[in-house]
Amino acid sequence: MRYKNILILIFLITINLLGFAADNGTPNRFDKYAVDALSFEHGISHQTVYDLYKDSNGFLWFGTMYGLVHYMGADIKVYRHDPKDKSTLSNDDVTKIFEDSNGRFWIATFGGGFNLLDIKNDSIRRYTSKALELEDKWNGIVWDIKEDKNGQHYYCNG
């Protein structure tokens, strides 16, 4: 029980810090909401969170051990891996979430490479070492995704 309380406290501190970190000078969309806790009952897929990301619209994304969670205030959408469906995440262990300059979301995974989520079309495209015809020296483990000033993406797996 103590571990759960610590996780909730860390989450609440993070929410407050995100509220103060608005870098564009506009009010933070979450300033008008009070969040006490998010749990399994609310749709959070797992308590282990590898990454927390605030998108350009002010919504929160959680990279968890069991999928990607998009928290939109009143609504939650969870993206999961389904081995029978190639239009789902390549792996449930989501390690990094990155929104590029075109508003597309790049989702890094532990063991499944990375994925491109087009939120407008609600579609996912997988990028694994096999799909990219690369030798699998990195075992599909991706820890970070970035975009350079020319809009080209690259990943770090170490």
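**Questions about a predicted fold**

Biologist: Let's start with Asp-92: is this residue buried or exposed, and at what relative accessible area?
Modeller: Happy to start there, keeping in mind that this is a predicted model. Residues under 20% relative accessible area count as buried. Asp-92 falls in that class, so the answer is buried, with a relative accessible area of 12%.

Biologist: Which residue forms a salt bridge with Asp-92?
Modeller: The structure holds four salt bridges, and Asp-92 takes part in one of them. Both partners lie in the loop between strand 4 and strand 5, so the pair ties together parts that are 12 residues apart in sequence. The closest N and O atoms are 2.8 Å apart, and the partner of Asp-92 is Arg-80.

Biologist: How does Arg-80 count in terms of accessibility?
Modeller: Buried would need a value under 20%, and exposed one over 50%. Arg-80 has 38% relative accessibility, so the residue counts as partly exposed.

Biologist: Next in sequence is Asp-93. How far away is the nearest side chain of opposite charge?
Modeller: Asp-93 sits in the loop between strand 4 (76–79) and strand 5, where the residue is buried yet has no salt bridge. A salt bridge would need a nitrogen and a carboxyl oxygen within 4 Å. For Asp-93 the nearest side chain of opposite charge is that of Arg-80, at 8.3 Å.

Biologist: Then what is Asp-93 in contact with, leaving aside its neighbours within four places in sequence?
Modeller: Part of the answer comes from earlier in the chain, where Asp-93 meets Tyr-50, Thr-64 and Met-65. The rest of its list is Ala-108, Thr-109 and Phe-110.

Biologist: Which partner does Asp-100 have in its salt bridge?
Modeller: Asp-100 is buried, with a relative accessible area of 5%. Its closest N and O atoms to the partner are 3.0 Å apart, and that partner is Arg-104. At 27% relative accessibility, the residue that counts as partly exposed is Arg-104.

Biologist: And which residue forms a salt bridge with Lys-146?
Modeller: Lys-146 is partly exposed, with a relative accessible area of 37%. The partner counts as buried, at 16% relative accessibility. The closest N and O atoms are 3.0 Å apart, and the residue in question is Asp-144.

Biologist: Turning to the interior, which elements give two or more residues to the largest nonpolar core?
Modeller: This core has 11 residues in all: Tyr-53, Trp-61, Leu-68, Tyr-79, Leu-89, Val-94, Ile-97, Phe-105, Ile-107, Leu-117 and Ile-124. Apart from it lies another core, of nine residues, including Phe-114 and Trp-138. The elements that give two or more residues to the largest core are strand 5 (94–99) and strand 6 (105–109).

Biologist: Why does the pair of Trp-61 and Tyr-79 count as stacked?
Modeller: Trp-61 in strand 2 (residues 60–64) and Tyr-79 in strand 4 are 18 residues apart, and both are buried. Planes under 30 degrees apart count as stacked. The ring centres are 6.4 Å apart, and the pair is stacked because the planes meet at 20 degrees.

Biologist: Which third residue joins Trp-61 and Tyr-79 in one aromatic cluster?
Modeller: Six aromatic pairs are found in the whole structure. One of them, Trp-106 with Phe-114, is tilted, at 6.0 Å centre to centre and 50 degrees between the planes. The cluster you ask about is made of Trp-61, Tyr-79 and Phe-105.

Biologist: What relative accessible area does His-70 have?
Modeller: His-70 is in strand 3 (residues 67–71). Beyond four places in sequence, the contacts of His-70 include Asp-55, Trp-61, Tyr-79 and Ile-119. His-70 is buried, with a relative accessible area of 6%.

Biologist: Finally, where is confidence lowest in the protein chain, and where is it highest?
Modeller: The chain averages a pLDDT of 74, and 61% of the residues score at least 70. Over residues 19–30 pLDDT stays under 50. Where pLDDT is low, the predicted coordinates should not be read in detail. By element, confidence is lowest in helix 1 (residues 2–20), at a mean of 52, and highest, at 93, in strand 5.

Terms used
Residues are numbered from 1 along each chain as its sequence is written. This is a predicted model: local features need pLDDT of at least 70, side-chain atom pairs count only at pLDDT 80 or more; totals for chains, interfaces and linings use all residues. Side-chain values use heavy atoms; hydrogens and water are left out. A nonpolar core is a set of buried Ala, Val, Leu, Ile, Met, Phe, Trp, Tyr and Cys residues joined through side-chain atoms within 4.5 Å. Buried means under 20% relative accessible area, exposed over 50%, partly exposed in between (1.4 Å probe, protein chains only). Helices (H or I, at least four residues) and strands (E, at least two) are DSSP runs, numbered from the N terminus. pLDDT is the predictor's confidence in each residue, from 0 to 100. Contact means heavy atoms within 4.5 Å. Lys and Arg count as positive and Asp and Glu as negative; His and the chain ends are not counted. Rings of Phe, Tyr and Trp (its six-membered ring) pair if their centres lie within 6.5 Å; planes under 30 degrees apart count as stacked, over 60 as edge-to-face and the rest as tilted.
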